[in-house]
Amino acid sequence: MTATTLTPTDLRSVCAAFTETRGAIRIQGAGTAAAWAEAPGAADVVVDTTGLSGIRAYNPADMTVSVGAGTPLAQLQDEIARHGQRIAFDAARVRRGATVAGLIATADSGPLALGFGSMRDLVIGATVVLADGTPARTGGHVIKNVAGYDLAKLMHGSYGVYGLMTEVVLRLHPVPEAQRTVALDCTLHEATRHTRSILAEAQEPVSLEWADGILLTRIEGTADGTAVRARALAELTGGRVLPEDDAADSWDQHARLVDDATVRVGCRPSRLPDVLGRFDAPVAAGLATGIATLSAPAAYVDRVHDAVTEAGGTSVVRATDPNIRAWGQQPSALRVLQAIKRELDPTCRLDPGRFGTWLGPNVVAGAGTATDAGAAPASSVAAASGGPSPTAGTAAATAPPTTSPASTGSPDAADRSTAQQGDPTPRAAASQAASHVVQAPTDSSGGAEPADSEQED
Amino acid sequence: MLDHAAHKALVAAVGTENVISDPVQLRSYECDGLTGFRQIPSLVVLPRATEQVAQAVRACHRHHVPFVARGAGTGLSGGAMPVADGVVISLQRMRDVLDIDPVDRRAVLQPGVTNLDITTAAATHGLYYAPDPSSQQVCTIGGNIAENSGGAHCLKYGFTTNHVLSMTVVLPDGETVTLGSDSDEQLGPDLRGVVIGSEGTLGIVCDITVRLLRVPETVRTLLADFPSVTAAGEVVSDLIAAGIIPAAVEMMDNLAIQAAEKAVGAGYTLTTPAALVVELDGPEAECTAQFDEVRAICERHGCTRLHIAGTAAERAKIWKGRKAAFAAVGRISPDYIVQDGVVPRTRLAEVLNRIEDMGRDAGLRVANVFHAGDGNLHPLVLFDDDAGELERAEELSTDIAELCVELGGSLSGEHGIGTDKACSMPRMFGEADLSTMDRVRTAFDPQHLCNPGKLLPTPRLCGEQPGRYRPHPLEEAGVIERL
């Protein structure tokens, strides 16, 4: 089957890519995580986000930046570094060209998560296009903002099932004057003990990772201050303060270890060593955050899922293998995730197959009986008024009236309710609004990865 | 009035001893901290356990009774105002600290635990809970989650959403689920982050697990006077440009200083046009050097007096003056409205000038207290109700919030939208934005029973045409696009 690839370059053409095509849509960024979680199902249309790139608004004094969601984070870091600023985020695959939205959609994070959290903690606003072409904004351009629901959080970890991010606003941090890393060769068991004594001190590490036999502790601050603090940490643990180049090498090695991982896990930090100790696999472990990656052979991943679930934690695979479970335990609020899917994408056009049986068309479409009024999509008109949802719409089969200007004039405004996966005909070319859309047929049977997934090597 | 069956089901859910139906007692639940909006509820239930909350919500769901969750009632946007013919579910009797885990650095709390009690309970382990809204002695963690509360230290430490790991939530149909997990690694979309800050419209949060931080090694606090608000604002800009992220930067103008000083005598200079409170915290080795830099920046901008807190007591006194400022305004004016808006930090001077002009045009005084580091303003509109100034004051206050949006900011930085600003939401968000939020709300609450009428504009509250959408300034500049 041939899928059509669209590469929209602005909000308008993203909306057109959704409203003027039919069938299943797969959203694709740089392809650096295409194999993660559930393998995406077959798509009729691939929407490539890499055309949505570049800085849209940046005033260094406000310490916020607005960027096209398909911008590679590394590129963005380079641009803002000129102003002494950074996005305090360092997931391993940033080096391989991962996009801002891709990092959000996959809920990725790196060693700096101990000090600064993940993307969910850094995103302050977003523009999202829903499956019906509705462009919706959430948050804003200021760090402190509680107006309306924080729907950027809904996108975090969503793997594209709720909408496509076109633009993201991020909060920035100053590039620290100095970073220093203290290294200590030790076993996982010893590292656990050292982690506790390090955290009991007041040195405020921003990263604390055990990577296959070495405990790396990173601190940030002034040149003088970090020198004093690093010495104190080295004395405390019996470790050594690494020269700058060695520190960079050590963290690079850590990132490579994460790149090779087949499963990522999270649980209570104190339970993590026990879980990891059960598997003879290369490990990168955030002993203070409770988040780790393992490079276990595919055959062992199921057992990792079980061990983590038993410890009350969560786990997700980072390699495609149809024979292994993608996720460990099922989310407690699965019913809510399904209800949101019914509201935002009732015909399951976006990334069907992601989250497998949890959010698949069978569950979402057939769930009309699971909740009463919940199956009726709110009409946009009533929705804006905040009134009770209309009783007219009885099920997902009834298309909500749209007020989205994106579909004005579109001959198939109601297509989302009748979209057939068997009709891959893209209609973008017929529309003037879609003039920015570049079409290129792609052979999707050969694999979901786009050409640039070669960057992974 | 509740029908008999609904009343009976609610009493059965929590037990008669946990129900208030006496009309006089019900009156004390008619409003939250925003006293201008009042509505007496039909019934108040005060569950003692999560299961009772779930039972009460199930009863509401079955009998189609709207309900409003309420913590300490300190909210400033009418978010906990009852609904006509509805029930208030007060979490005030669920105030146990369930667990403090010093190894994994987390606390498990019932929703009625006060913000300050978390830190008190964690203190023996050298830990604390970072978000610290000014009302922290009274406000509850459940309310903090509803509003995604910040506080003076959120510039460095973030908001409630950055400190909650997981929570059990009673959904609007009475089912109990857990959102979030034991680590920041989540299973799929982050519903925890959607519910935090949703102002009680998506469910009732019960057991809550928060992150605790180690108490910083050092805290340095200074109070500096400046010849103008502009000069003080330049100090803040220079701090940021120097790569310093203070734990807090608070600014007060002369009117606010006069009020605070009259109330608590914290040692502020009565005649200074503006004052800054700057606090640094962290490892000693970092704080010392940075604090010297802060002093140098203050002096460069014509600081007329610089007072460094030498002891914990002196530090507490400086903060007492700052935190008392809201209530203290009552000393210089018979009535006042606290506003809450945000502008990009670089537009602080501009917004203050505009507010001054708007105040003059309205013939009203406006005192300013704000979190200068993140552009979060709290203009206090002073008025005299007896002199018939209320309406003018409300209008001015609303205009100030909407001005913040016009300057590229937000309607609210921490007080929330609630009842107060629902009708202003179309100034900040377009129809598609609001309808998307409502679709998410409908997914959680298809019957629209959970704190209805709050957060999003409704025809009942705002009329059929709740204000015209004004393009965002970035939109006008062609930076962002709306179709």
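So, the contact between the two chains: chain B puts in 84 residues and chain A puts in 97 residues. Keep in mind as we go that this is a predicted model.

Which elements of chain B give two or more residues to that side? You'll find β9 (176-180), α7 (191-195), α8 (229-241), α10 (284-300), α15 (425-428) and α16 (431-444) of chain B. The largest share comes from α16(B), with 13 residues. And if you're wondering about chemistry, the side of chain B that touches chain A has 37 nonpolar, 30 polar and 17 charged residues.

Okay, let's stay with β9, since that strand shows up again. Chain B has an open sheet of five strands, in the order β5-β6-β10-β8-β9, with antiparallel pairing. So where are the edges? They're β5 (97-101) and β9 of chain B, each of which pairs on one side only. Going from one strand to the next, the twist averages 15°.

Now zoom in on the β5 end. Strand β6 (residues 106-109) of chain B runs antiparallel to β5(B), and four bridges join the two. If you want a pair to click on, take Asp101(B): the bridge partner of that residue in β6(B) is Arg106(B).

At the other end of the sheet there's a helix to look at. Helix α3 (residues 50-63) of chain B lies across β8 (164-170), β9 and β10 (204-211) of chain B. The angle between α3 and β10(B) is about 145°.

What does the record say about this stretch? An unreviewed UniProt entry annotates residues 37-215 of chain B as "domain: FAD-binding PCMH-type". Across residues 37-215 of chain B, we have 21% helix and 25% strand, and the C-alpha atoms at the two ends are 39 Å apart.

Stepping back to the whole of chain B, there are 18 helices and 19 strands. The radius of gyration is 23 Å, close to the 23 Å that the globule rule gives for 483 residues, so chain B is as compact as a globular protein of that length. Its C-alpha atoms fill a box of roughly 70 × 55 × 50 Å along the principal axes.

Last bit, over to chain A. The domain assignment there gives domain 1 (1-175 + 402-457) and domain 2 (178-317). Between these, the contact takes eleven residues from domain 1 of chain A and 16 residues from domain 2 of chain A. On the domain 1 side, that's eight nonpolar, one polar and two charged residues.

Conventions: Residues numbered from 1 in each chain as written. Chains lettered and ligands numbered in written order. Predicted model: local features only at pLDDT ≥ 70, side-chain atom pairs only at ≥ 80, totals over all residues. Contact = placed C-beta atoms within 7 Å. Nonpolar A, V, L, I, M, F, W, Y, C, P; charged D, E, K, R; others polar. Pairing = 2+ DSSP bridges. Axes fitted to C-alpha atoms, helices over the stretch in contact; angles between N-to-C directions. UniProt positions renumbered as here; feature names shortened; annotations may be inferred. Domains from an automatic or database assignment. Rg over C-alpha atoms; globule rule 2.2 N^0.38 Å.
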